[in-house]
Amino acid sequence: MEEEKETKQDDQNTLENQPNSQPTILSKNAKKKLLKQQKWEAKKAEKKAQMKEQKKKEGERKRKEWEEKLSSCASEEERLKLIESRRELRKERMGKRAEEKEEKTQRLRKAKESGQNIVIDLEFADLMTTSEIHSLVQQIIYCYAVNGRCASPGHLWLTGCRGEMENQLQRLPGFDKWIIEKESQSYIEALQDQKENLVYLTADSETVLDELDLKKIYIVGGLVDRNRWKGLTMKKANDQGIQTAKLPISSYLKMSSSQCRYSL
């Protein structure tokens, strides 16, 4: 009994001492790329701060111009007309924005019923740093925004959405109102009844995707890895026994590298 207790304790200690994720060993080239990325992100943050300051100054300039315009009115009646005109213009702009928002909502709801299903696989969070997860979140925001502006948008899925990935997404303003599927389960679990229609998009596939099929559900790897995990999505698809395909990007664009990768 005592021996069994000690064995359980040893097992528990082993589990507690195991790291949450595999240690990342970067090559010299990968370190250079990571440093370059960090410098780029620092420059981006600096540019963002400059734009914010510029926007603030522009707002102050416009307020000053408005006050000067009001003070130049010859009479109180002219001043009131100017204020009313500005109020009507604002009302018109707000109405147009509300109309555009409603049209976008209708397009996304229609896509949910009959659009192309596209999955972003978020099961790679444990292989990424916090900054890489943040970068992935920014790309997801961009994808959702661009998709919403399309005349015929697709229907987006976020699968394996849990842990730090989920925490960062939940902090986004309005994320809970996104017209998108959010699954903590993997796509294999969430879409198990449609496994034959799953297609993982990976540059390592030998099958070129020339035409989209509405019956298929296309999967994109949610992985910002600075080229550390080559062939990972292809191996995952093969292990799960699902189809793979690659986009014909090289047929339309000249890439700087020998092979383009399009995980997020």
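**Exercise 1.** How many bridges join strand 1 to strand 5, and do these strands run parallel or antiparallel?

*Solution.* Keep in mind that this is a predicted model. Start with strand 1, residues 117–121, and strand 5, residues 217–221: 5 bridges join them. Next, look at their direction: the two strands run parallel. To find a matching pair of residues, go to Asp121, which stands opposite Gly221 in strand 5.

**Exercise 2.** Place these two strands in their sheet and find which strands lie at its edges.

*Solution.* First, read the order of the open sheet: its 6 strands follow 3-2-1-5-4-6, with parallel pairing. Then look for strands that pair on one side only: these are strand 3 (181–182) and strand 6 (243–245), the edge strands.

**Exercise 3.** Describe how helix 2 and helix 3 meet.

*Solution.* Two packed helices are described by the distance between their axes and the angle between them. Here helix 2 spans residues 28–71 and helix 3 spans residues 76–114; their axes come within 9 Å and cross at roughly 145°. Now list the residues in contact: helix 2 brings Trp66, Lys69 and Leu70, while helix 3 brings Arg79, Leu82, Ile83 and Arg86. Finally, sort this contact by class: 4 residues are nonpolar, 3 are charged and no residue is polar.

**Exercise 4.** Which residues of helix 5 are buried, and why are they on the same side of the helix?

*Solution.* In helix 5 (residues 163–170), pick out Met165, Gln168 and Leu169, which are buried. They lie on the same side of helix 5 because they cover an arc of only 100° around the axis. As a last step, see what covers these buried residues: helix 4 (130–149) and strand 2 (155–159) are among the elements that do.

Terms used
Residues numbered from 1 in each chain as written. Predicted model: local features only at pLDDT ≥ 70, side-chain atom pairs only at ≥ 80, totals over all residues. Heavy atoms only, no water. Pairing = 2+ DSSP bridges. Helix = DSSP H or I, 4+ residues; strand = E, 2+ residues; numbered from the N terminus. Axes fitted to C-alpha atoms, helices over the stretch in contact; angles between N-to-C directions. Contact = heavy atoms within 4.5 Å. Nonpolar A, V, L, I, M, F, W, Y, C, P; charged D, E, K, R; others polar. Buried < 20%, exposed > 50% of the residue type's maximum accessible area, 1.4 Å probe, protein only. Arc of directions from axis to C-beta.
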